[in-house]
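Open the model in your viewer and keep the sequence panel beside it. The tour goes from one selection to the next.

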Amino acid sequence: MKSFTYTITDQKGMHARPAGMLVKKAKEFPCDIRIEANGKGADARKMFAVMGLGIKAGDTVTITAAGDQEEAAAAELEAFLKQSL
């Protein structure tokens, strides 16, 4: 299992466009990927679940990848968050 934390810096938080891009990126990997924020968690492959977390600017998220290609998934998702949010 590989995990990392990231604090959202985008003033709009995790709105629909970056959430959709995150979900699309998560679906590229065969491992289980979860996102947690504000005491709630969701499957990072499900758009409505990710949006339901209500992630805002300044919130810290934890991404956890477990299974095949977990290290690659965690690295790419962390790079995505740093670039997009």
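Which side chain meets that of Lys82 in a salt bridge? Select Lys82 and Glu78: their side chains form the salt bridge, with N and O 3.6 Å apart. Keep in mind that this is a predicted model. Both residues belong to helix H3 and lie four residues apart, about one turn of the helix. Lys82 is exposed because its relative accessible area is 54%, over the 50% cut-off. Glu78 has 26%, so it counts as partly exposed.

Stay in helix H3 and select Glu76, then add Lys25. These two form a salt bridge whose closest N and O atoms are 3.4 Å apart. The pair links distant parts of the chain: Glu76 is in helix H3 (residues 70-84) and Lys25 in helix H1 (residues 16-26), 51 residues apart. Glu76 is partly exposed, at 35% relative accessibility.

Now add Glu28 to the selection. Glu28 also forms a salt bridge with Lys25, and here the closest N and O atoms are 3.7 Å apart. Glu28 is partly exposed, with a relative accessible area of 47%. Lys25, Glu28 and Glu76 are thus linked in a network of salt bridges. The count of salt bridges in the model comes to three.

Next, select residues 32-37, strand S2, and residues 40-43, strand S3. The two strands run antiparallel and are joined by four bridges. Ala37 has Lys40 in S3 as its bridge partner. End at the turn: S2 and S3 form a hairpin with two residues between them. Select Asn38 in this turn, where phi is positive, about 55°.

Technical notes
Residues are numbered from 1 along each chain as its sequence is written. This is a predicted model: local features need pLDDT of at least 70, side-chain atom pairs count only at pLDDT 80 or more; totals for chains, interfaces and linings use all residues. Side-chain values use heavy atoms; hydrogens and water are left out. Two strands pair if DSSP finds at least two bridges between them. A salt bridge is a side-chain nitrogen of Lys or Arg within 4 Å of a carboxyl oxygen of Asp or Glu. Buried means under 20% relative accessible area, exposed over 50%, partly exposed in between (1.4 Å probe, protein chains only).
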